[in-house]
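Okay, thanks for squeezing me in, everyone. I'd like to walk through one structure today, mostly by way of its charged pairs and its core. Let me put it up on the screen.

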Amino acid sequence: MKKYNETLKNLRADLEPKRSQKEVGEKCGITQRKLSFIESGKTEPNLDDLRALCRFYNVSADYILGLPDLPYPKR
């Protein structure tokens, strides 16, 4: 399972045109330093950061967190 930090790095790397951590952070209200720490796994995003990143990348929090797309757990 991918970790959230790898997913965030990949999402930013896949942007066209390419965006720096500073550019993404400015759009999301996150400092470049904090985004760097999140992408490296040194810190976890808080809910506001996660919400902003989901909106920026147009993905769900489940996708970033690597959770399955199932509405209910398998029994």
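Before anything else, one cut-off so we're on the same page: I'm calling a residue buried if its relative accessible area is under 20%, exposed if it's over 50%, and partly exposed in between. Hold on to that, because aspartate 49 comes out at 8% relative accessibility and therefore counts as buried. And yes, what you're looking at is a predicted model.

So, the overview. The protein chain has five helices and zero strands, and if you read along the sequence you get α-α-α-α-α. There are 75 residues in the chain, and buried ones make up 31% of them. The accessible surface is about 5,600 Å², with 50% of that belonging to carbon and sulfur atoms. If you take the contacts with a separation of 6 or more, 54% of them are between residues 24 or more positions apart.

Now the charged pairs. How many salt bridges does a search of the whole structure find? Four, and I'll show you three of those.

Start with arginine 12 and glutamate 39, whose side chains meet at 2.8 Å, N to O. This one links distant parts of the chain: arginine 12 is in helix 1, residues 4-13, while glutamate 39 is in helix 3, residues 32-40, and they're 27 residues apart. Buried or exposed, these two, arginine 12 and glutamate 39? Both are buried. Mind you, arginine 12 has a relative accessible area of 19%, and the cut-off is under 20%, so it does count as buried. Setting aside neighbours within four places in sequence, arginine 12 is in contact with Arg19, Ser20, Gln21, Val24, Glu39 and Tyr57.

Next pair: aspartate 49 with lysine 34, where the closest N and O atoms are 2.7 Å apart. Aspartate 49 sits in helix 4, residues 47-57, and lysine 34 in helix 3, so this bridge ties together parts that are 15 residues apart in sequence. We've already said aspartate 49 is buried, at 8%. Its partner, lysine 34, is partly exposed, with a relative accessible area of 30%.

The third one is aspartate 48 with arginine 51, closest N and O atoms 2.9 Å apart. Here both residues lie in helix 4, three residues apart, which is about one turn of the helix. Aspartate 48 is exposed, at 53% relative accessible area, and arginine 51 is partly exposed, at 39%.

Right, on to the core. The largest nonpolar core has 15 residues, and the ones with the most contacts inside it are Leu8, Val24, Cys28, Leu53, Tyr57 and Ile64. Which elements give two or more residues to it? That would be helix 1, helix 2 (21-28), helix 3 and helix 4. Helix 4 gives the most, with five residues.

Have a look at cysteine 28 while we're in there. Leaving out its neighbours within four places in sequence, cysteine 28 is in contact with Ala52, Leu53 and Phe56. And if you swing back to arginine 12, two of the names on its contact list, Val24 and Tyr57, turn up again among the core residues with the most contacts.

That's my tour, happy to rotate the model if anyone wants another look.

Key: Residues numbered from 1 in each chain as written. Predicted model: local features only at pLDDT ≥ 70, side-chain atom pairs only at ≥ 80, totals over all residues. Heavy atoms only, no water. Helix = DSSP H or I, 4+ residues; strand = E, 2+ residues; numbered from the N terminus. Buried < 20%, exposed > 50% of the residue type's maximum accessible area, 1.4 Å probe, protein only. Core = buried A, V, L, I, M, F, W, Y, C linked by side-chain atoms within 4.5 Å. Contact = heavy atoms within 4.5 Å. Areas by Shrake-Rupley, 256 points an atom, 1.4 Å probe, with all protein chains shown as cover.
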